[in-house]
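Me: Could you take a close look at one part of this model for me, the loop that leads into one of the helices, and then walk me outward from there?

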Amino acid sequence: MQIFQLVGIAFVTAVAALLLKGTKPELSLAVTIAGSIILMLFAFNLFAGSISIFNKIAQTTGIDSALVKILLKMVGIGYLVEFSAGILNDFGQNSLADKLVFCGKILVLILAIPILESVLKLVERLLGLL
């Protein structure tokens, strides 16, 4: 199972970072960042295989595939910002992590505009039918 690989990478990274923290703190940071990047790439690889499912759902339901792509981008931004903010918090950069989360929320809000427009058009069509 992939979860065991993810957990293994996380633990190996954490132990290596802790061992290096006392003697080479700059390498500890590099090991943590490298391990985090490896985890993210592994997760993206797992996720890439399931994107076709979202396309099938869009085709079956008649939802515009552009809206599905926007929703996936929003979810991706949320996960990436949370992951990155966690790393920044680990390194004592709480203020920077908070700013990153705020910027991520703004990006999600901007991406939500076409979805809001689509919902408003749907409501308009429904009201026109009444």
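Reply: Asp64 sits in the loop between helix 3 (51-61) and helix 4, where helices (H or I, at least four residues) are DSSP runs numbered from the N terminus. This is a predicted model, so to speak of local features a pLDDT of at least 70 is needed, and side-chain atom pairs count only at pLDDT 80 or more, while totals for chains, interfaces and linings use all residues. Residues are numbered from 1 along each chain as its sequence is written, and side-chain values use heavy atoms, with hydrogens and water left out.

With a relative accessible area of 45%, Asp64 is partly exposed; buried means under 20%, exposed over 50%, and partly exposed in between (1.4 Å probe, protein chains only). From Asp64 to Leu88 there are 24 residues in sequence and 36 Å in space, C-alpha to C-alpha.

Now for the helix that follows this loop. Helix 4 (residues 65-90) packs against helix 5 (residues 94-129) at an angle of about 175°, and their axes are 9 Å apart. Axes here are lines fitted to C-alpha atoms, for helices over the stretch in contact, and angles run from 0 to 180 degrees between N-to-C directions. The two helices, helix 4 and helix 5, are therefore roughly antiparallel, a label for angles over 145 degrees (under 35 is roughly parallel, 65 to 115 roughly perpendicular, and the rest oblique). Their contact involves 18 nonpolar, 5 polar and 1 charged residues; Ala, Val, Leu, Ile, Met, Phe, Trp, Tyr, Cys and Pro count as nonpolar, Asp, Glu, Lys and Arg as charged, and the others, Gly among them, as polar.

On the surface, Leu29, Ile33, Ile37, Leu41, Phe44, Leu80 and Phe91 make a nonpolar patch of about 600 Å². Helix 2 (residues 25-48) gives the largest share of that patch, 5 residues. Patch members have over 30% relative accessible area and no salt bridge, with nonpolar side chains (Val, Leu, Ile, Met, Phe, Trp, Tyr) joined within 5 Å and like charges within 9 Å. A salt bridge is a side-chain nitrogen of Lys or Arg within 4 Å of a carboxyl oxygen of Asp or Glu. Leu41 belongs to helix 2 and, at 54% relative accessibility, counts as exposed. Phe47 is also found in helix 2, and is partly exposed at 34%.

Technical notes:
Accessible areas come from the Shrake-Rupley method with a 1.4 Å probe; for residues, only the protein chains shown count as cover.
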